Every structure is written in C-alpha cells, then in structure tokens.
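Could you show me around this model, one selection at a time? I have it open in a viewer and would like to know what to click on next.

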Amino acid sequence: MEKILVTAPEYDKAAAFFETLEDFQCVRVPEQETELAAAIRREQARYVIIGVVKYTGPLYDALTAGGVIARFGVGHDGVDKKQAARRGIRCTNTPGVLDSSVAECAAGMLLLAARHFADTVADNRRGVWAPRIGTELAGKTLAIVGCGHIGSRLAAIAKNGFGMTICGFDITAPRDESCYDRFSMDFAEAVRGAQFLSLHIPDLPATRDFLNAEKLAALAPGAWVINTARGTVVDEDALYDAAASGRIGGAVLDVFRQEPYRPAPSGKDLRTLPNVLMTPHIGSSTAEACRRMAEAAVANIRHARDGRDDAMTIVS
C-alpha cells in the first residue's frame, strides 16, 4: 500500500480519518524539514501532507518528479512553488473547507474586543470581582478587508446575527454583495467610521505589511483590529505603537509574523499590552474543519495518483 507522510501536527488534528484510509497508509512524521526529507527518502514516499511551516530546500530535493506537497489548509506561503515546479512536484491546498471555522473565530474575537471577556475572566480567576462596561455590536460598523469566502461569511454573521453595518474593501468586487452595506476599493473610504476592522487577505508580496502606520492612522480613534488572516499582512511595530498610544482601542490577533510568536527585532512585544489579545493560530482548529482539510488533502493526492490533475486544487 502506498504511503502518505503527514507532518505530526496535521496528523494529530485528523488522526481518526488518516487511520481509516483503505487505499493509503498514512505515516506520522516530523514537521522539521531535514527530518521530513529523511523520512521521505526512507519511506520512498511520493506524497506528503504539511502544515504552515516554511520549507526552503531539503523537502523539494527529497521528493521525486510526480510527487505532491498537499497543504493541510488554505495559505501556501510556506511552500516554494517555483522550486517545486522545477522538480516536477505539484503543490495543492484545501480552499473552502475552513471558511466557517475562521469566520466564526473572527466573530468571537469581535465579542472579545467589545465585552472585556478576557479581562473579566482573568479577574475572577484571581478572586477579583470587577464588572466592566463594554459596548454592543448592534449598530456598530465593521470594515472587512478581503471580501472573499471567509470575509463574506463573517459579513453575513455580523450583519444578520449582530446587526452590524458592514463595509467591504478589496481590489475586486465582493463575492456576495448582499452581505455588505457599502463597498469601496479605497481603504480610507471603506474604514471611515468603522469601530472594528477584520483582515481576510492572503500573504502575497503586495499584501506584506498591508496594515501599516499610514492605514492604522486612517482608522477611527478607538477602533479594534481583528486578524485571522496571516501575520505578515500587519506591520507589528506599527500596530504596537497604535495600541500602546491608545490611538486604536486594541487588537485581537490569531496569526503572527513569527509562529510561535516572537517580538519584532525592535523589541516591541505585543504580549505586554493589555489591549492586545493573542491566540495561537486557532482560527481553523475545529474538529469539523480539520476533518474537511484532511479529506481534501487526501482527495488531491488520489487525483494525482489517478492522473487527474484537472481535479486537483493546484497552487502556483
């Protein structure tokens, strides 16, 4: 039986699925690149399922032409697609399977920002009874940057569930215009008057440090930033300055430039700010989404085995 090597964190997220496959044997392997490459050679494997770790060289040297690097998730910035293509290796991802989980996570982060849940829970753990006054989401304005599947799913939740006004920003028209009360391709116009901003754009050269000091200055005073997209789309130093100065209300972040999180070389540590709440990249970490990602990753590999490249979700 042919083997699929699955990096340990991804294997553990959907072990029940991987262990029941009848046409492949899934093998749990280290995610560190040198050890992963060694496992590929040892097992003579053509297929590997990986997570968010950045792979720069040994992985592509270990796989043979016709192999597949299947990303367990949507973002594929950790994969060197050009290097893979030169070696005849196809790279895939699993779009669409985690839209609800990430959108629900972002919606929960809106509530964290509005109602001081993190602070009051921490107070109670210390035996401190200190009610705090929050704000209702109903009637407030949410600006969504990136109006694709996830952004539009959040727009529907916030509009129809919380009663918020939704403003969209993107370089193309939104997928579902019914979710948005207004839309603009001009950032300053899109965020005008918004009390909350949620990021849903991919990591691309054009989006690195997208939310920089200039764009943060365009936000309404006291606005909150939500990021469940990619850490690289935020200038973390600029965000630190805006949050520390009180220029913005704060931020709730699930993704970071370095994961696990490490402060920027400047030493500006977001963890030290009381108005910055941080979670360890859990946006897609639901049992349902993990199962769907595993199924989609294996489906891509099956298509490759069967010579059906047209059915694969190939990224380049």
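Start by selecting residues 99–115, helix α6. This helix has 17 residues and reaches 25 Å from its first C-alpha to its last, close to the 24 Å expected at 1.5 Å a residue. Keep in mind as you go that this is a predicted model.

Now colour the buried residues of α6, which include Asp99, Val102, Cys105, Met109, Leu110 and Ala114. What covers them? Turn on β6 (141–145), α8 (149–162), β9, β10, β11 and α12, which are among the elements that cover the buried residues of this helix. Then step just past the end of α6 to histidine 116, whose phi is positive, near 60°.

**Into the core**

Next, show the side chains of Ile4, Phe18, Ile49, Leu142 and Phe196. These have the most contacts inside the largest nonpolar core, which has 54 residues. Helix α6 gives the most to this core, with nine residues. Zoom in on leucine 142 for a closer look: leaving aside its neighbours within four places in sequence, leucine 142 is in contact with residues including Leu110, Leu154, Ala158, Met164, Ile166 and Phe196. Apart from this core lies another one, of 32 residues; to find it, select Val145, Ala190, Val191 and Val276, which are among its members.

**The seven-stranded sheet**

Switch to a cartoon view and pick out the strands in the order β8-β7-β6-β9-β10-β11-β12. These seven strands form an open sheet with parallel pairing. Which strands stand at the edges? They are β8 (182–184) and β12, and each has a single partner strand, so one side of each is left without a neighbour in the sheet. On average, neighbouring strands here are turned by 15° against each other, direction ignored.

Inside this sheet, highlight strand β10 (residues 224–227) together with β11; the two pair in the parallel sense over four bridges. Select asparagine 227 and you can look for its bridge partner in β11, which is leucine 253.

**The five-stranded sheet**

Move on to the strands in the order β2-β1-β3-β4-β5, which form an open sheet, again with parallel pairing. Here β2 (25–29) and β5 (90–92) stand at the edges; each has a single partner strand, so one side of each has no neighbour in the sheet. The twist averages 20° from one strand to the next.

Select strand β4 (residues 68–71) and β5: they pair in the parallel sense over three bridges. One residue to click on is valine 68, whose bridge partner in β5 is arginine 90. Then add helix α3 (residues 33–43), which packs on the sheet and touches β1 (3–7), β2 and β3 (47–50); the direction of α3 makes about 165° with that of β1. Add α12 as well: it lies across β1, β3, β4 and β5, running at about 160° to β3.

**Along the loop between β11 and β12**

Proline 260 lies in the loop between β11 (250–253) and β12 (276–278). Look at the peptide bond that joins glutamate 259 and proline 260: it is cis, with omega about -5°. This bond is worth a pause because most peptide bonds are trans.

In this loop you will also find aspartate 269. Is aspartate 269 buried or exposed? Its relative accessible area is 14%, and buried means under 20%, so aspartate 269 counts as buried. The side chain of aspartate 269 makes a polar contact with the side chain of arginine 271, at 2.9 Å. Show Tyr240, Tyr261 and Pro263 too, since aspartate 269 is in contact with them.

Now select proline 274, in the loop between β11 and β12. At 69% relative accessibility, proline 274 counts as exposed. Draw a distance from its C-alpha to that of alanine 243: these atoms are separated by 9.1 Å, and the two residues are 31 apart along the chain.

**Two positive phi angles**

For the last stops, select aspartate 209, in the loop between β9 (196–199) and α10 (213–218), and histidine 281, in the loop between β12 and α12 (287–305). Phi is near 55° in aspartate 209 and near 55° in histidine 281. Most residues other than glycine have a negative phi. Aspartate 209 counts as partly exposed, at 30% relative accessibility, and histidine 281 is partly exposed, with a relative accessible area of 22%.

Methods:
Residues numbered from 1 in each chain as written. Predicted model: local features only at pLDDT ≥ 70, side-chain atom pairs only at ≥ 80, totals over all residues. Heavy atoms only, no water. Buried < 20%, exposed > 50% of the residue type's maximum accessible area, 1.4 Å probe, protein only. Core = buried A, V, L, I, M, F, W, Y, C linked by side-chain atoms within 4.5 Å. Contact = heavy atoms within 4.5 Å. Pairing = 2+ DSSP bridges. Axes fitted to C-alpha atoms, helices over the stretch in contact; angles between N-to-C directions. Expected span 1.5 Å × (residues − 1). Polar contact = N/O pair within 3.5 Å; in protein donor to acceptor, adjacent residues only side chain to side chain.
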